[in-house]
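Colleague: I would like a close look at a single part of this model, taken slowly enough for a first-year student. Please pick one strand and then follow its surroundings outward.

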Amino acid sequence: MANSLLHFFLLSFTLLLPPPLSAANHRKPRSLFRSPPLSESTTSFSASSAAAAAPPTTYFEVTKPIPLPKTLPCSIQILRHEFAYTYGKSPVLAEYKPPSNCESRISPKIVLEWTAASKGRQFDRIFGVWLGGVEILRSCTAEPRRTGTVWTVKKDITRYRSLLMKEQTLAVYIGNIIDNTYTGVYHVNLTIHFYPVEEQNHGRNRVISGDDVGSMAADLILPLSRNLPLNDGLWFEIENSTHVLGKEIEIPQNTYRAVLEVYVSPHENDEFWYTNYPNEYIYENNLTDAPGNGPFREVVVRLDDSVVGSIWPFTVIYTGGVNPFLWRPISGIGSFDLPSYDIEITPFLGKLLDGKNHSFTFSVTNALNVWYIDANLHLWLDEKSDKTHGKLLKHSTPPLSLSLVSSFSGANGVLTTNAGRSIVSSGWVKSSHGVIKTKSRQEFTYSNSMAMKHDGNLQVLDQMIYSKRSVDARKRLSSVFRDKLFRRFRIYLSADNVDKGNGTLASTADLRLSIDEKSRRGSCFGSWKRRIKNRQKGHGYMLLKDSNLVDGLGEMQQDYRYSSDESCYFRNVRSSNYTILHDEDSNTCKNNES
């Protein structure tokens with residue numbers, strides 16, 4: 001019963017996918033949570049001529065507006081393009097030149113704006129934007145509808161200032177497919193806004209915001225990505241648990257600080273990695289098409305074969321994931337602006353400053369095909385010295401702690417996975433700033449409880465990831481910079497699939513998705529703390545008949561709360577099937593008390 005129903009469900013969705021598959025899921029997916037792009041051509045969804053003339057639906061991701069100076073920006077359009085059949089083709093390239101008609105070099109805030117529109121039927125597509133090989137945005141497209149879809153992504157890219165001051169090659173890749181079924185072309189505009197400094201802050205070449213206390217933009221950013229020409233994105237593609245990819249680089253000899261920024265996104269058989277069954281469960285129930293290796297994943301970063309950092313990623317759900325109706329028009333947390341993750345490399349500068357090439361490589365524990373990973377190495381240079389010196393004092397990387405406890409009979413049972421990891425490094429660097437000792441610590445704990453019921457047709461999972469990251473840079477008698485970040489990622493997902501007979505399948509999903517983040521920074525510029533609570537709660541339903549969507553429902557509620565020493569932001573929004581039912585926002589701190 002369980003096997004035949006599961007096979008029917010997988011087959012029904014697989015038949016709706018094009019060969020080759022979407023960029024958010026490049027090859028054939030085998031998951032209960034990958035849904036077909038919604039079709040409005042069936043009887044239940046056929047639109048009247050009035051509906052066909054309706055304005056496009058605006059999709060959005062709830063986040064805090066970017067704090068901006070009270071000045072008019074100097075804006076340059078760096079790309080305007082229609083992405084039609086682009087799968088397996090070269091990224092779209094353009095030559096970027098810094099604007100000559102504005103004071104871009106002292107802009108306290110620089111914002112990248114992506115605007116796009118599409119009509120028809122199409123999968124969600126992962127895409128990336130690179131400048132000089134440095135990735136500055138990774139995102140997922142909105143799935144269009146017949147009446148049209150539009151969306152905008154605004155990202156603070158001030159940290160890439162040094163990159164933006166030079167001529168570069170811009171590369172944008174979306175692996176899109178156009179045929180008789182999948183008709184959605186993405187019409188894209190890409191603009192950079194340089195905000196002039198306010199009069200009272202004129203002459204300060206740094207970001208005037210508490211978000212950036214002690215974090216002046218790097219002097220140089222080196223890409224750890226694939227080189228052009230390519231017929232794909234510039235990211236590395238990690239295909240299994242033993243696959244290791246990366247790049248060799250040589251850094252300038254006057255570097256005194258280094259931070260590695262890593263972009264990560266899972267696809268295909270690992271798009272829903274947190275739902276994957278342990279291999280023992282798959283074997284015992286003969287689930288040959290189900291993705292396995294269990295629900296734990298860890299992105300491991302190595303410098304010359306030594307583990308220097310780890311990423312336990314947030315569970316970003318793309319706009320076609322689980323149930324597409326959930327994300328209309330409120331997109332999933334992180335889906336329009338996928339998070340990047342920072343790893344402090346400064347303790348290892350004693351090794352990197354030997355004038356030789358060194359390799360940074362990436363792997364994913366328990367990975368299935370495929371993970372897209374690349375990174376940017378942010379470097380701070382000593383302008384008063386040609387050569388800095390350093391030494392690694394301590395580096396502790398105990399083995400990953402990973403356990404699985406399973407108790408199941410047939411397709412029913414409970415599967416519990418727990419994991420833990422810590423990485424501690426310290427070292428000193430001598431420059432014109434003096435001798436500065438930097439200590440970096442990463443700590444992670446993970447739990448995933450997965451219950452299988454109803455002969456395996458009901459899956460209920462509750463996953464939690466805790467991470468702590470701290471960086472402490474000190475001189476002999478004083479503190480130079482302190483940074484502490486605590487994150488808690490949670491996903492709760494209940495997915496039930498019921499065979500209604502006569503070729504009909506009903507699928508329901510209940511979802512809870514959240515980020516709880518606390519951070520504190522201190523430096524000679526002052527101290528600052530921040531808190532973010534971002535929670536989504538959704539319910540979705542779909543009815544399929546002979547592999548065609550007959551009916552569907554998606555309800556989503558999101559509560560976003562931001563507070564810091566200098567500002568607050570609150571937004572509560574609720575939707576049902578493309579319609580916003582409630583939307584409230586405020587900059588008043590009292591709304592952030594709960």
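Modeller: What follows starts with one strand, moves to the core around it, and then turns to ring pairs and the disulfide.

The model is a predicted one. The chain holds 5 helices and 29 strands, and 58% of its 594 residues are buried. Among contacts between residues at least 6 apart in sequence, 75% join residues at least 24 apart.

The strand to look at is E17, residues 358-365. How many of its residues are buried? Buried residues account for 8 of the 8, so E17 is largely enclosed by the rest of the structure. The cut-off behind that word is a relative accessible area under 20%. In a regular strand the side chains alternate between the two faces of the sheet. That gives a reason to check each side of E17 separately. On one side are His358, Phe360, Phe362 and Val364, and on the other are Ser359, Thr361, Ser363 and Thr365. Every residue in both sets is buried, and both faces of the strand are thus covered.

Next come the strands that pair with E17. Strand E12, residues 245-249, pairs with E17 in the antiparallel sense over 5 bridges. Within E17, phenylalanine 360 stands opposite lysine 247. Strand E14, residues 298-303, also runs antiparallel to E17, and 6 bridges join the two. Here serine 363 in E17 is the bridge partner of valine 300.

Phe360 leads from the strand into the nonpolar core. In soluble globular proteins, nonpolar side chains tend to be buried together. The largest nonpolar core in this model has 87 residues, and Phe360 is among the members that touch the most others, along with Leu260, Val262, Ile345 and Leu377. Strand E18, residues 371-381, gives the most to this core, with 6 residues. What does leucine 377 touch? Leaving out residues up to four places away in sequence, its contacts are Leu220, Ile221, Leu222, Ile249, Ile251, Ala258, Val259, Leu260, Ile345 and Phe360. A second core, separate from this one, has 43 residues and includes Tyr59, Phe83, Ile157 and Val188.

Strand E18 also takes part in a ring pair. A pair of aromatic rings is described by the distance of the centres and the angle of the planes. The model has 20 aromatic pairs. In one of them, tryptophan 273 and tryptophan 371 have ring centres 6.3 Å apart and planes at 45°, so the pair is tilted. Tryptophan 273 lies in the loop between strand E13 (255-266) and helix H4 (279-284), while tryptophan 371 lies in strand E18, so the pair ties together parts 98 residues apart in sequence. Tryptophan 273 counts as buried at 1% relative accessibility, and tryptophan 371 is buried with a relative accessible area of 0%.

Phenylalanine 296 and tryptophan 312 give an edge-to-face pair, 5.0 Å centre to centre with 80° between the planes. Phenylalanine 296 is in the loop between H4 and E14, and tryptophan 312 is in the loop between strand E15 (306-311) and strand E16 (340-344), so parts 16 residues apart in sequence are tied together. Phenylalanine 296 is buried, with a relative accessible area of 1%. Tryptophan 312 also counts as buried, at 3% relative accessibility. Ring pairs also link Trp130, Tyr173, Trp235 and Tyr372 into a cluster.

Rings can also have a charge over them. The charged end of lysine 64 sits over the ring of tyrosine 562, 4.6 Å from the ring centre. For arginine 145 and the ring of tyrosine 578, that distance is 3.7 Å.

The disulfide comes last. A disulfide is a covalent bond between the sulfur atoms of two cysteines. The count here is 1 disulfide. Which cysteines form it? They are cysteine 568 and cysteine 589, with sulfur atoms 2.0 Å apart. The link is right-handed, with 95° about the S-S bond. Cysteine 568 is in strand E28 (residues 568-576) and cysteine 589 is in the segment after strand E29 (579-586), 21 residues apart. Cysteine 568 is buried, with a relative accessible area of 8%, whereas cysteine 589 counts as partly exposed at 40% relative accessibility.

Terms used: Residues numbered from 1 in each chain as written. Predicted model: local features only at pLDDT ≥ 70, side-chain atom pairs only at ≥ 80, totals over all residues. Heavy atoms only, no water. Buried < 20%, exposed > 50% of the residue type's maximum accessible area, 1.4 Å probe, protein only. Helix = DSSP H or I, 4+ residues; strand = E, 2+ residues; numbered from the N terminus. Pairing = 2+ DSSP bridges. Core = buried A, V, L, I, M, F, W, Y, C linked by side-chain atoms within 4.5 Å. Contact = heavy atoms within 4.5 Å. Phe/Tyr/Trp six-rings, centres within 6.5 Å; stacked < 30°, edge-to-face > 60°. Lys NZ or Arg CZ within 6 Å of the ring centre and 35° of its normal. Disulfide = S-S within 2.5 Å.
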